[in-house]
Amino acid sequence: MDSATYKKLLNKIGEVQGEQLSDKLYYLSSTFDTLAIDELVDRKGVFIYEFLYRSEVKTESHFVDIDCKHSDSLCRIPKGYTSYRIVGHDYSSERFSFETKNNTMFITMDYILNDKKVEDVISIPINTLDEMDKADNPLPITFYGKNICFYMTNLEGDLNEHSVDLRGILFKK
């Protein structure tokens, strides 16, 4: 079941049974990893915090978790670009603020050019993010700004909060 179905079920069965169901699902997922609940709930659709029973149903957020299938050993510098920097890595990731207009996410990225901090904006169509989020093994995709291109390998966050964790390679002209 997906998030909406799970919330409807919790509301239908009441607080006592809802708490029992939530406790059991939380126990299974925290003790045996998500494999224990894969046949019951859609991992991408129901998040751990939803296992904790709430009598109120909050407005649904638009959470995206895209982890692209990519090679750590091969990434070519695109023609016309002279340098790069890694954005995020295994031990930490950078949060980037963005705004959305006309179903497009605009992420401001900063970098150093001639010893000065410069900002550029990449644009990502929201429908592209939705497609990548639904795909089992999405491939990395490149997004362009005025003087940069960004090879995205991971994007995670709530699109309603206007900041995301982003990983990939930022190429500079």
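1. A strand here is a DSSP run of E with at least two residues, and strands are numbered from the N terminus. Keep that in mind for Thr153, which lies in strand β7, residues 148-158. One more thing before we go on: this is a predicted model.

2. Let's stay with Thr153 for a moment. Is Thr153 buried or exposed? Its relative accessible area is 11%, and buried means under 20%, so Thr153 counts as buried. What is Thr153 in contact with, once neighbours within four places in sequence are left aside? The list is Ile66, Asp67, Cys68, His70, Arg167 and Gly168.

3. Now zoom out to the whole chain. The protein has two helices and eight strands. Read from the N terminus, the order is α-β-β-β-β-β-α-β-β-β. Of its 173 residues, 34% are buried. If you take the contacts with a separation of 6 or more, 59% of them join residues that are 24 or more positions apart. The exposed area of the protein comes to about 11300 Å², and 49% of that is supplied by carbon and sulfur atoms.

4. Next, have a look at helix α2, residues 126-134. Its buried residues are Ile126, Thr128, Leu129, Met132 and Asp133. Viewed down the axis of α2, these buried residues fall within an arc of 155°, so they line one face of the helix. Why can residues that are spread along a helix point the same way? An α-helix has 3.6 residues a turn, so residues three or four places apart point the same way. On the other side of α2 you'll find Glu131 and Lys134, which are exposed.

5. The hairpin of β4 and β5 is worth tracing by eye. Strand β4 covers residues 104-113 and strand β5 covers residues 116-125; the two pair in the antiparallel sense over ten bridges. To get your bearings, find Tyr111, which stands opposite Val118 in β5. Two residues sit between the strands of this hairpin, and Asn114 takes a positive phi near 50°.

6. Last, go to the surface. Which residues form a nonpolar patch there? They are Ile77, Tyr84 and Ile86, and together they have about 300 Å² of accessible area. Tyr84 belongs to strand β2, residues 83-87. With a relative accessibility of 48%, Tyr84 counts as partly exposed, because exposed means over 50% and buried means under 20%. Set that beside Thr153, which is buried at 11%.

Conventions:
Residues are numbered from 1 along each chain as its sequence is written. This is a predicted model: local features need pLDDT of at least 70, side-chain atom pairs count only at pLDDT 80 or more; totals for chains, interfaces and linings use all residues. Side-chain values use heavy atoms; hydrogens and water are left out. Patches are made of residues with over 30% relative accessible area and no salt bridge: like charges are joined within 9 Å, nonpolar side chains (Val, Leu, Ile, Met, Phe, Trp, Tyr) within 5 Å. Accessible areas come from the Shrake-Rupley method with a 1.4 Å probe; for residues, only the protein chains shown count as cover. A salt bridge is a side-chain nitrogen of Lys or Arg within 4 Å of a carboxyl oxygen of Asp or Glu. Helices (H or I, at least four residues) and strands (E, at least two) are DSSP runs, numbered from the N terminus. Buried means under 20% relative accessible area, exposed over 50%, partly exposed in between (1.4 Å probe, protein chains only). Contact means heavy atoms within 4.5 Å. The arc is that of the directions from the helix axis to the C-beta atoms. Two strands pair if DSSP finds at least two bridges between them.
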